[in-house]
Amino acid sequence: MVKHKNITVLQGLSASPGIVEGQAYVRKVDNETIIPRTLIPVDRIEDEIKRLKKAQNMVAEELEILREKIANHLGPAYSDIITAQLAILRDDEILKEVRAYMLEHHVNVAFTYRVVVNQYVEIIEDHTSEYFKERVADIRDIKQRVLRALISKRTVLSSLGLDKPTIFVAKDLNSTDIMMLVSENIIGFVTELGGKTSHVAIMARTMNVPMLVGTKDATHLIESGQSLILDADHGKLILQPNQEMQDEYRREINILKKQDQAFQAAHNQKAITKDGYKLKLSANISLPFEVNDVKKYGGESVGLYRTEYLYLMKQHLPSEEELFNEYRHVVKSIAKQGVMVRTIDLGGDKMTSFGDEDIHGEANPIMGYRAIRICLDKPPIFITQIRAILRSSAFGKASIMLPMITHLEQLTESLQYINDVKHTLDKENIPYDKSIKVGMMIETPSVVMNIESFADKVDYFSIGTNDLTQYSLAVDRGNERVTDVYNHYDPAIIKMIKKIVDTGHKFGIPVYVCGEMASENRALILFLAMKVDGVSVAPRYIGSVRHFIKRSYQKKAQEHFDKITKLTIRQDIIEYLDKLIQ
Amino acid sequence: MILKEVTILNKQGLHARPATALVNTAAKFKSEIFICRDGKKVNGKSILGLLVLAAEYRSKLLIEADGSDEKEAIAALEQLVLDHFGMGAGS
C-alpha cells in the first residue's frame, strides 16, 4: 500500500475489523482547555455566576440527550452513569464555593470553576479505594463540558464537540469511554495499549466500530484534525494519505459496502450446502441492540448471548428486574428462533471487584475465579440471573447455557440450582417456559476427555473454540509473544471437536460451535465434514458464512476429512484446507 | 438540631449511585443537612462532598439535620441507609 515514503503508516493489532476514513481526535494525557485568569470588578460577580448557571443548564440538556441516546442504543440500564454525572453537575455546593472564591479573589468565573472542581478531584484522587478514584473521570468530564459551554457559549452535543466523522486516538480506553463515544461522531478507535481480546475490543466489535490496538506512539505521532485512514482489516493506520491512497481506499470501502448489501439481501436464505446439508446459522451478541443486526443479516437464532456487559457497566450488581428487562427485550425480539443465554462468564481478567470481593490482581485470572466458579461460590448471584432468564423465557424461546464447566459436580450443582429456582417460580405463580433447554459450553480438555458423562445431562453442547484452544495448548491468547502457539487448526483441537460432535450425536443432542473459528472458511469445511449442527458467529460474519456454505458440498468435505486427520503438522492442515477453499 | 449515627450497609460503599440517592432525599427537606465521618463534615446535599468522604462498607456516618423539618429529614435518611439506598440487600 505504501507508495510514497513521506506518508507514515502505523502498524497495530486489529481488535475490531473494518476500514474507515476520518479526522483524528487525539486524547493527549493532559489536554485541558486553557483558561486565562482575569480580574473582574465585584459588581460583575453575580453576572458571571449567572453565566455559569446558564452553562450548567446547557450541559444538563446535553447530558439528557446523551442519556436518551445511550438508553436507546444500549438499554436504559446502561445510562446510570449519566445520572451520576448530572448529580455532580447540579451540585449546589460548587456554586457556593465559586461565589465565595470570586468574592475573595475577584477573578473570572471559568477560572474559579476550574479551581473549585480541581480541589475535589485532588481529594478524591487521593482515596485509597479504586472505585472512588474511577469517579474522578466523571467529575473531569463534567468540568470539561461546563468550561467548554462557558467559553464557546454554544451547545455542543458531545463532550468533544465533534462535527465530522472522527477516529479517536488515545493511550488506552475503558468501557465507559467506549459507551460515551459510540453515541458521538466516532467511527473508529486507535489505542497504544490493549490486547485483541480485552472487553473494550469486544465491545468495539459488537458495535461494528473498527479498532486498532497496540499502535505504538500513536498519541505522539498523530495530531488532532489530521486526516486518517484506519484499515483495521490489515492492522494499518495511514496518516495524511495522499489523493491516490484515498481513492484506492474509497474503492475498497465501496466494494465492502456492496458485499455487505449483498449479504443483507440474502438474509432470509438458509445456510444449505449444494448437496442439501443444513447448518443452523446463529449470531453471537453481547448487547440488546444487536438483535437489529441479527435480523439484518438473517441469523436463525442467537447462539450465544453474552450477559457480562450489564455487570461490567453498572457500578453495582444488577438487580433481577434489570436483568429480566434486558433479557425479555432480547428474547421477545428473537421470539421464534430462540436465544441461548450464557450465564455470566466474568473473571479477574475483565473486572476488579465482584460484590464485596476484590478480585483484582489475580496471578492467573484466566484460570482463576471466574464464570461458573463465581456463580457456585456465590449462589445468590447465580440464582438472581437464573430467575431473570427463566422469567424471560415466558416471552419467547430462551435456553440457559453454562460456561467454563471443568468437572461433573459443577454441572450437577448448577442443574440443581436451576431446578430449585423453577420450583420457587412455580410456588410464586410466575410464568416461565417449563420445557426450557439447558446446554453447556465445552471449553476445557477435562470435559472433552469425559464427554460421555455430560452428554446425557444437558440438551445441547456448544463448543467455545477460543477457550478450548487456549486451555488445551496452555497458551494465553492475549500474550503477543506466544501468538504462534495459539492455533485452532492444531490436530489435537480438531480431534477434540470431532469427539465432542460424535458423542453429542450418539446421545441425540445437537452440537454447535460458537467460537471465532466458526467465521473462517477453513474451519467451516471441518465443521461440515464432522456434521456440526450449527455455528454461531458475530452478526457481521453471518453473510460470509452463509455464502460459503451455499457453495460447498458436505460429502466432499467429509471425503477430505479422512486425509486431514492423517496430517500431524498444523501448517500442513492449514495449507490443505486453503487449497480446498480456492 | 438532631444527630444520628448510621452504618453503610452497601458492600461497595457510598459510591456515586447511593450518594445520588442520598443527595436527592436530602434535597427534599428545608433543613440543613451535614454528613460527618472521621472529623470531615460535608453538605449532605452535595454529591461531591459525599464522594470526598469515601465512605466504604461498614463505615459509620453521623447525620446532622438542622431546621424546621429536621425530624422528618433524619427519619427519611436513616431509612434510606437501612434500605441499602434502594439498591437491594446484595449490593
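The buried residues of helix α18(A) pack against five elements of chain A: β15 (437-442), α16 (445-449), β16 (460-463), α19 (491-506) and β17 (511-513). This is a predicted model. Chain A also holds a closed barrel of 8 strands.

**Helix α18(A)**
- Helix α18 of chain A spans residues 465-472, and 6 of its 8 residues are buried, so the rest of the structure largely encloses it.
- Its buried residues are Thr465(A), Asp467(A), Leu468(A), Thr469(A), Gln470(A) and Tyr471(A).
- Ala474(A) follows α18(A) and has a positive phi, near 50 degrees.

**The barrel of chain A**
- The strand order is β9-β10-β11-β14-β15-β16-β17-β18, and the pairing is parallel.
- From one strand to the next, the twist averages 30 degrees.
- Helix α19(A) packs on the sheet and touches β15, β16 and β17 of chain A.
- The direction of α19(A) makes about 165 degrees with that of β16(A).
- Strands of a sheet pair through backbone hydrogen bonds, either parallel or antiparallel.
- Strand β14(A), residues 398-402, runs parallel to β15(A), and 4 bridges join them.
- Ser399(A) has Lys437(A) in β15(A) as its bridge partner.

**Lys28 in chain B**
- Lys28(B) sits in the loop between α1 (16-27) and β2 (32-37) of chain B.
- Lys28(B) counts as exposed because it has 11 C-beta neighbours inside 10 Å, and the cut-off for exposed is 12 or fewer.
- Lys28(B) and Ala73(B) are 45 residues apart along the chain, yet 8.2 Å separates their C-alpha atoms.

Definitions and conventions: Residues numbered from 1 in each chain as written. Chains lettered and ligands numbered in written order. Predicted model: local features only at pLDDT ≥ 70, side-chain atom pairs only at ≥ 80, totals over all residues. Helix = DSSP H or I, 4+ residues; strand = E, 2+ residues; numbered from the N terminus. Buried ≥ 20, exposed ≤ 12 C-beta atoms within 10 Å, placed from the backbone. Contact = placed C-beta atoms within 7 Å. Pairing = 2+ DSSP bridges. Axes fitted to C-alpha atoms, helices over the stretch in contact; angles between N-to-C directions.
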